[in-house]
Amino acid sequence: MEHDLGFDLTEALEREDISRADLKALRNPPIEGVPASITDKQLACFLDACDKNIDETRKVLKIYYDARRNGPELFSNRDPLSAPIQQCLQNQDYFPLPTTPSGYSVVFHRLKNSRASNYHFDEAIKTYFMTIDSCLYTQGPRPGIIFLFDMKNVGLMHLTRINMSSVRKFFNYLQDGLPAKLKAIHVMNVVSFFDKILYIIKPFIHAEILNMLYLHSSSANMDKFYEEWIPKSGLPSDLGGDLKSIDELHQDHLKEFEKLRPYFLAEERQRNQESPVIEESTERMMKSLSID
(Lines give C-alpha, C1' and ligand atoms only; values in the text may rest on other atoms or scores of the structure.)
Protein backbone atom coordinates (compact mmCIF):
# COMPACT_ATOMS: atom_id res chain seq x y z
CA MET A 1 0.00 0.00 0.00
CA GLU A 2 1.40 3.37 -1.01
CA HIS A 3 0.54 5.00 2.34
CA ASP A 4 1.04 2.68 5.31
CA LEU A 5 -0.02 3.03 8.94
CA GLY A 6 2.03 5.58 10.86
CA PHE A 7 3.22 3.74 13.98
CA ASP A 8 6.75 2.33 14.43
CA LEU A 9 6.57 -1.35 13.49
CA THR A 10 9.75 -2.44 15.29
CA GLU A 11 8.67 -0.78 18.53
CA ALA A 12 5.18 -2.28 18.27
CA LEU A 13 6.47 -5.82 17.63
CA GLU A 14 8.75 -5.62 20.64
CA ARG A 15 6.10 -4.06 22.89
CA GLU A 16 3.42 -6.62 22.00
CA ASP A 17 5.83 -9.56 21.56
CA ILE A 18 4.79 -10.17 17.96
CA SER A 19 6.95 -12.41 15.78
CA ARG A 20 7.97 -11.37 12.27
CA ALA A 21 7.86 -15.07 11.39
CA ASP A 22 4.15 -15.10 12.29
CA LEU A 23 3.55 -12.06 10.09
CA LYS A 24 5.18 -13.96 7.22
CA ALA A 25 3.13 -17.08 8.01
CA LEU A 26 -0.10 -15.11 7.60
CA ARG A 27 0.73 -14.49 3.94
CA ASN A 28 0.97 -18.17 2.95
CA PRO A 29 -1.30 -19.44 1.61
CA PRO A 30 -3.00 -16.24 0.42
CA ILE A 31 -6.36 -15.48 2.05
CA GLU A 32 -9.28 -15.08 -0.34
CA GLY A 33 -10.39 -11.44 -0.47
CA VAL A 34 -7.37 -10.10 1.42
CA PRO A 35 -5.16 -7.79 -0.69
CA ALA A 36 -1.74 -9.19 -1.50
CA SER A 37 -0.41 -5.71 -0.75
CA ILE A 38 -1.49 -5.84 2.91
CA THR A 39 1.40 -4.50 4.98
CA ASP A 40 3.18 -5.96 8.00
CA LYS A 41 1.82 -3.07 10.08
CA GLN A 42 -1.72 -3.97 9.15
CA LEU A 43 -1.10 -7.66 9.83
CA ALA A 44 0.46 -6.86 13.21
CA CYS A 45 -2.78 -5.23 14.39
CA PHE A 46 -4.81 -8.31 13.46
CA LEU A 47 -2.32 -10.79 14.90
CA ASP A 48 -2.18 -8.96 18.22
CA ALA A 49 -5.98 -8.70 18.37
CA CYS A 50 -6.18 -12.48 17.98
CA ASP A 51 -3.61 -13.28 20.69
CA LYS A 52 -1.05 -14.30 18.04
CA ASN A 53 -3.22 -17.23 16.89
CA ILE A 54 -2.47 -17.64 13.18
CA ASP A 55 -5.64 -19.53 12.26
CA GLU A 56 -7.90 -17.13 14.15
CA THR A 57 -6.13 -14.14 12.61
CA ARG A 58 -6.72 -15.50 9.11
CA LYS A 59 -10.45 -15.84 9.90
CA VAL A 60 -10.68 -12.29 11.23
CA LEU A 61 -8.83 -10.90 8.22
CA LYS A 62 -11.40 -12.55 5.93
CA ILE A 63 -14.32 -11.17 7.98
CA TYR A 64 -12.74 -7.68 8.05
CA TYR A 65 -12.37 -7.41 4.27
CA ASP A 66 -15.72 -9.04 3.58
CA ALA A 67 -17.40 -6.56 5.95
CA ARG A 68 -15.76 -3.62 4.22
CA ARG A 69 -16.69 -4.82 0.75
CA ASN A 70 -20.25 -5.75 1.72
CA GLY A 71 -20.91 -2.52 3.60
CA PRO A 72 -20.15 0.31 1.15
CA GLU A 73 -22.49 2.64 3.03
CA LEU A 74 -20.13 2.34 6.02
CA PHE A 75 -16.74 1.80 4.39
CA SER A 76 -16.68 3.54 1.00
CA ASN A 77 -16.05 7.20 0.09
CA ARG A 78 -14.00 7.75 3.23
CA ASP A 79 -12.55 11.10 2.30
CA PRO A 80 -12.24 13.18 5.50
CA LEU A 81 -12.78 16.33 3.45
CA SER A 82 -16.00 15.13 1.82
CA ALA A 83 -19.19 17.02 2.66
CA PRO A 84 -20.96 14.10 4.46
CA ILE A 85 -18.02 13.39 6.75
CA GLN A 86 -17.40 17.07 7.39
CA GLN A 87 -21.06 17.36 8.37
CA CYS A 88 -20.53 14.60 10.95
CA LEU A 89 -17.39 16.25 12.27
CA GLN A 90 -19.26 19.53 12.69
CA ASN A 91 -22.14 17.96 14.61
CA GLN A 92 -20.44 15.17 16.57
CA ASP A 93 -17.22 14.78 18.55
CA TYR A 94 -14.76 12.01 17.71
CA PHE A 95 -11.21 11.47 18.93
CA PRO A 96 -8.78 8.94 20.43
CA LEU A 97 -7.62 9.57 24.00
CA PRO A 98 -4.17 8.75 25.43
CA THR A 99 -3.47 5.09 26.13
CA THR A 100 -4.37 3.95 29.64
CA PRO A 101 -1.86 2.72 32.25
CA SER A 102 -2.77 -0.81 31.09
CA GLY A 103 -1.78 0.17 27.55
CA TYR A 104 -5.33 0.22 26.16
CA SER A 105 -6.35 2.56 23.37
CA VAL A 106 -9.47 4.66 24.01
CA VAL A 107 -11.84 6.08 21.37
CA PHE A 108 -14.35 8.75 22.41
CA HIS A 109 -17.63 9.74 20.70
CA ARG A 110 -20.42 12.17 21.54
CA LEU A 111 -23.13 14.15 19.78
CA LYS A 112 -22.16 17.81 19.78
CA ASN A 113 -25.78 18.99 19.85
CA SER A 114 -29.20 17.47 20.45
CA ARG A 115 -30.76 18.16 17.01
CA ALA A 116 -31.75 14.78 15.59
CA SER A 117 -31.99 16.25 12.08
CA ASN A 118 -28.20 16.74 12.19
CA TYR A 119 -27.61 13.03 12.85
CA HIS A 120 -27.08 10.87 9.77
CA PHE A 121 -26.67 7.34 11.07
CA ASP A 122 -24.66 5.65 8.30
CA GLU A 123 -22.28 8.58 7.91
CA ALA A 124 -21.84 8.78 11.69
CA ILE A 125 -20.88 5.10 11.83
CA LYS A 126 -18.51 5.59 8.90
CA THR A 127 -16.82 8.50 10.66
CA TYR A 128 -16.62 6.52 13.91
CA PHE A 129 -14.94 3.60 12.14
CA MET A 130 -12.51 6.06 10.56
CA THR A 131 -11.74 7.40 14.04
CA ILE A 132 -10.91 3.87 15.20
CA ASP A 133 -8.64 3.53 12.16
CA SER A 134 -6.96 6.84 13.00
CA CYS A 135 -6.28 5.48 16.48
CA LEU A 136 -4.70 2.32 15.05
CA TYR A 137 -2.74 4.48 12.61
CA THR A 138 -0.93 6.33 15.39
CA GLN A 139 -1.00 3.90 18.33
CA GLY A 140 -0.69 0.58 16.53
CA PRO A 141 -1.43 -2.80 18.14
CA ARG A 142 -2.26 -2.59 21.85
CA PRO A 143 -3.37 -5.03 24.58
CA GLY A 144 -6.91 -3.77 24.09
CA ILE A 145 -9.23 -0.94 23.11
CA ILE A 146 -11.98 0.83 25.07
CA PHE A 147 -14.93 2.59 23.47
CA LEU A 148 -16.13 5.59 25.46
CA PHE A 149 -19.51 7.10 24.58
CA ASP A 150 -21.13 10.18 26.12
CA MET A 151 -24.94 10.26 25.74
CA LYS A 152 -25.36 13.83 26.97
CA ASN A 153 -27.12 15.10 23.83
CA VAL A 154 -28.97 11.93 22.80
CA GLY A 155 -32.77 12.17 22.62
CA LEU A 156 -35.59 9.82 21.70
CA MET A 157 -35.83 11.34 18.22
CA HIS A 158 -32.34 10.05 17.46
CA LEU A 159 -33.77 6.52 17.57
CA THR A 160 -35.84 7.34 14.47
CA ARG A 161 -32.58 7.91 12.57
CA ILE A 162 -31.32 4.36 13.13
CA ASN A 163 -30.88 2.05 10.15
CA MET A 164 -31.31 -1.57 11.35
CA SER A 165 -29.25 -3.03 8.51
CA SER A 166 -26.37 -0.77 9.48
CA VAL A 167 -26.76 -1.68 13.16
CA ARG A 168 -26.27 -5.32 12.22
CA LYS A 169 -23.21 -4.52 10.09
CA PHE A 170 -21.83 -2.26 12.84
CA PHE A 171 -21.85 -5.00 15.46
CA ASN A 172 -20.76 -7.70 13.04
CA TYR A 173 -17.64 -5.68 12.27
CA LEU A 174 -16.91 -4.63 15.85
CA GLN A 175 -17.36 -8.12 17.28
CA ASP A 176 -15.86 -10.31 14.56
CA GLY A 177 -13.68 -8.22 12.26
CA LEU A 178 -12.06 -5.49 14.34
CA PRO A 179 -8.23 -5.45 14.21
CA ALA A 180 -8.14 -4.64 17.92
CA LYS A 181 -9.07 -6.46 21.11
CA LEU A 182 -12.23 -4.92 22.59
CA LYS A 183 -11.93 -4.66 26.37
CA ALA A 184 -14.89 -2.50 27.40
CA ILE A 185 -17.66 -0.19 26.24
CA HIS A 186 -18.32 2.61 28.72
CA VAL A 187 -21.41 4.77 28.30
CA MET A 188 -21.38 8.05 30.23
CA ASN A 189 -24.43 10.17 31.12
CA VAL A 190 -26.63 7.23 30.24
CA VAL A 191 -30.17 8.28 29.26
CA SER A 192 -33.35 7.13 30.99
CA PHE A 193 -34.56 5.39 27.82
CA PHE A 194 -31.40 3.32 27.34
CA ASP A 195 -33.56 0.22 27.73
CA LYS A 196 -35.17 1.13 24.39
CA ILE A 197 -31.75 1.42 22.76
CA LEU A 198 -30.73 -1.91 24.24
CA TYR A 199 -33.94 -3.47 22.89
CA ILE A 200 -32.92 -2.37 19.39
CA ILE A 201 -29.29 -3.49 19.51
CA LYS A 202 -29.46 -6.56 21.77
CA PRO A 203 -30.33 -9.05 18.97
CA PHE A 204 -27.03 -8.19 17.28
CA ILE A 205 -24.73 -8.31 20.32
CA HIS A 206 -22.83 -11.35 21.56
CA ALA A 207 -23.24 -12.17 25.26
CA GLU A 208 -19.54 -11.53 25.90
CA ILE A 209 -19.88 -8.01 24.52
CA LEU A 210 -22.90 -7.32 26.72
CA ASN A 211 -20.72 -8.27 29.66
CA MET A 212 -18.26 -5.57 28.58
CA LEU A 213 -20.96 -2.87 28.64
CA TYR A 214 -20.72 -0.44 31.56
CA LEU A 215 -23.36 2.25 32.12
CA HIS A 216 -22.65 5.40 34.12
CA SER A 217 -25.34 7.90 35.10
CA SER A 218 -24.57 11.60 35.37
CA SER A 219 -24.64 11.30 39.17
CA ALA A 220 -22.53 8.13 39.40
CA ASN A 221 -19.45 7.92 41.62
CA MET A 222 -16.61 7.56 39.09
CA ASP A 223 -13.76 6.72 41.48
CA LYS A 224 -13.79 3.01 40.57
CA PHE A 225 -13.87 3.89 36.85
CA TYR A 226 -10.87 6.21 37.25
CA GLU A 227 -8.98 3.53 39.16
CA GLU A 228 -9.80 0.46 37.06
CA TRP A 229 -10.24 1.83 33.55
CA ILE A 230 -9.28 5.39 32.61
CA PRO A 231 -7.56 7.74 35.08
CA LYS A 232 -8.44 11.43 35.24
CA SER A 233 -5.14 12.16 33.47
CA GLY A 234 -6.57 10.50 30.35
CA LEU A 235 -10.04 12.07 30.30
CA PRO A 236 -11.56 15.35 29.04
CA SER A 237 -12.33 18.00 31.65
CA ASP A 238 -16.06 17.58 30.86
CA LEU A 239 -15.85 14.06 32.32
CA GLY A 240 -13.91 15.08 35.40
CA GLY A 241 -10.51 14.62 33.78
CA ASP A 242 -7.33 16.66 33.54
CA LEU A 243 -7.23 16.99 29.74
CA LYS A 244 -8.70 19.78 27.62
CA SER A 245 -12.45 20.03 27.07
CA ILE A 246 -14.21 17.67 24.65
CA ASP A 247 -14.64 20.48 22.13
CA GLU A 248 -10.93 21.36 22.25
CA LEU A 249 -9.82 17.73 21.96
CA HIS A 250 -12.15 17.26 18.99
CA GLN A 251 -10.75 20.33 17.25
CA ASP A 252 -7.19 19.13 17.88
CA HIS A 253 -8.05 15.73 16.44
CA LEU A 254 -9.66 17.27 13.34
CA LYS A 255 -6.30 18.68 12.26
CA GLU A 256 -4.64 15.28 12.51
CA PHE A 257 -7.64 13.44 11.08
CA GLU A 258 -7.64 15.49 7.90
CA LYS A 259 -3.90 14.89 7.50
CA LEU A 260 -4.72 11.18 7.25
CA ARG A 261 -6.64 11.74 4.01
CA PRO A 262 -3.90 10.07 1.88
CA TYR A 263 -4.06 7.00 4.12
CA PHE A 264 -7.86 6.67 4.00
CA LEU A 265 -7.89 7.01 0.22
CA ALA A 266 -5.00 4.56 -0.17
CA GLU A 267 -6.63 1.99 2.13
CA GLU A 268 -9.82 2.09 0.08
CA ARG A 269 -7.87 1.65 -3.16
CA GLN A 270 -5.94 -1.23 -1.61
CA ARG A 271 -9.00 -3.32 -0.74
CA ASN A 272 -10.75 -2.51 -4.03
CA GLN A 273 -7.74 -3.23 -6.22
CA GLU A 274 -9.06 -6.64 -7.25
CA SER A 275 -12.36 -5.22 -8.55
CA PRO A 276 -11.07 -4.54 -12.11
CA VAL A 277 -9.93 -8.19 -12.36
CA ILE A 278 -13.34 -9.41 -11.26
CA GLU A 279 -15.08 -7.07 -13.68
CA GLU A 280 -12.82 -8.21 -16.52
CA SER A 281 -13.50 -11.88 -15.75
CA THR A 282 -17.25 -11.21 -15.63
CA GLU A 283 -17.17 -9.40 -18.95
CA ARG A 284 -15.19 -12.26 -20.51
CA MET A 285 -17.67 -14.80 -19.14
CA MET A 286 -20.63 -12.84 -20.57
CA LYS A 287 -18.98 -12.70 -23.99
CA SER A 288 -18.41 -16.45 -23.83
CA LEU A 289 -22.05 -17.04 -23.00
CA SER A 290 -23.20 -14.86 -25.90
CA ILE A 291 -20.92 -16.77 -28.29
CA ASP A 292 -22.31 -20.08 -27.08
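This report walks through the two domains, the two largest pockets and one buried residue of a predicted model.

**Domains**

Let's start with the overall layout. The domain assignment divides the protein into domain 1 (9–70) and domain 2 (80–271). Where the two meet, 23 residues from domain 1 and 19 residues from domain 2 take part in the contact. Taken over C-alpha atoms, the centres of domain 1 and domain 2 are 24 Å apart.

**The largest pocket**

Where does the largest pocket lie with respect to domain 1 and domain 2? Both domains give residues to its lining, so the largest pocket lies between them. If you would like to find its centre in the viewer, look for Ala49, Gln175, Asp176, Ala180 and Leu182, which lie nearest to that point among the 18 lining residues.

Three helices each supply at least two residues of this lining: H4 (54–70), H8 (164–176) and H10 (207–210). Of the elements that contribute, H4 gives the largest share, with four residues.

**The second largest pocket**

The lining here can be listed in full: Phe95, Pro96, Leu97, Ser134, Thr138, Gln139, Leu249, Asp252, His253, Glu256 and Leu260. Strand S1 (92–97), helix H7 (121–139) and helix H12 (246–259) are the elements that give two or more residues to the lining of this pocket. The largest share, four residues, comes from H12.

The table sets out the two pockets side by side.

| Pocket | Volume | Nonpolar lining | Polar lining | Charged lining |
|---|---|---|---|---|
| Largest pocket | about 360 Å³ | 10 residues | two residues | six residues |
| Second largest pocket | about 210 Å³ | five residues | four residues | two residues |

**Asp79**

One residue is worth a visit of its own. Asp79 sits in the loop between helix H5 (72–75) and helix H6 (83–91). Is Asp79 buried or exposed? Its relative accessible area is 17%, and buried means under 20%, so Asp79 counts as buried.

Which residues does Asp79 touch, leaving aside those up to four places away in sequence? They are Ile85, Arg261 and Leu265. With Arg261 there is also a polar contact, made between the side chain of Asp79 and the side chain of Arg261 at 2.8 Å.

Technical notes. Residues are numbered from 1 along each chain as its sequence is written. This is a predicted model: local features need pLDDT of at least 70, side-chain atom pairs count only at pLDDT 80 or more; totals for chains, interfaces and linings use all residues. Side-chain values use heavy atoms; hydrogens and water are left out. On a 1 Å grid over the protein atoms alone, a cavity is a set of points where a 1.4 Å probe fits but cannot get out, and a pocket is an open set with protein on both sides within 12 Å along at least five of seven lines; lining residues have an atom within 4 Å of a point. Grid points are joined across faces, edges and corners, and a volume is the space filled by probe spheres set on the points. Ala, Val, Leu, Ile, Met, Phe, Trp, Tyr, Cys and Pro count as nonpolar, Asp, Glu, Lys and Arg as charged, and the others, Gly among them, as polar. Domain bounds come from an automatic or database domain assignment. Buried means under 20% relative accessible area, exposed over 50%, partly exposed in between (1.4 Å probe, protein chains only). A polar contact is a pair of N or O atoms within 3.5 Å; within protein, one must be able to donate a hydrogen and the other to accept it, and residues adjacent in sequence count only if both atoms are side-chain atoms. Contact means heavy atoms within 4.5 Å.
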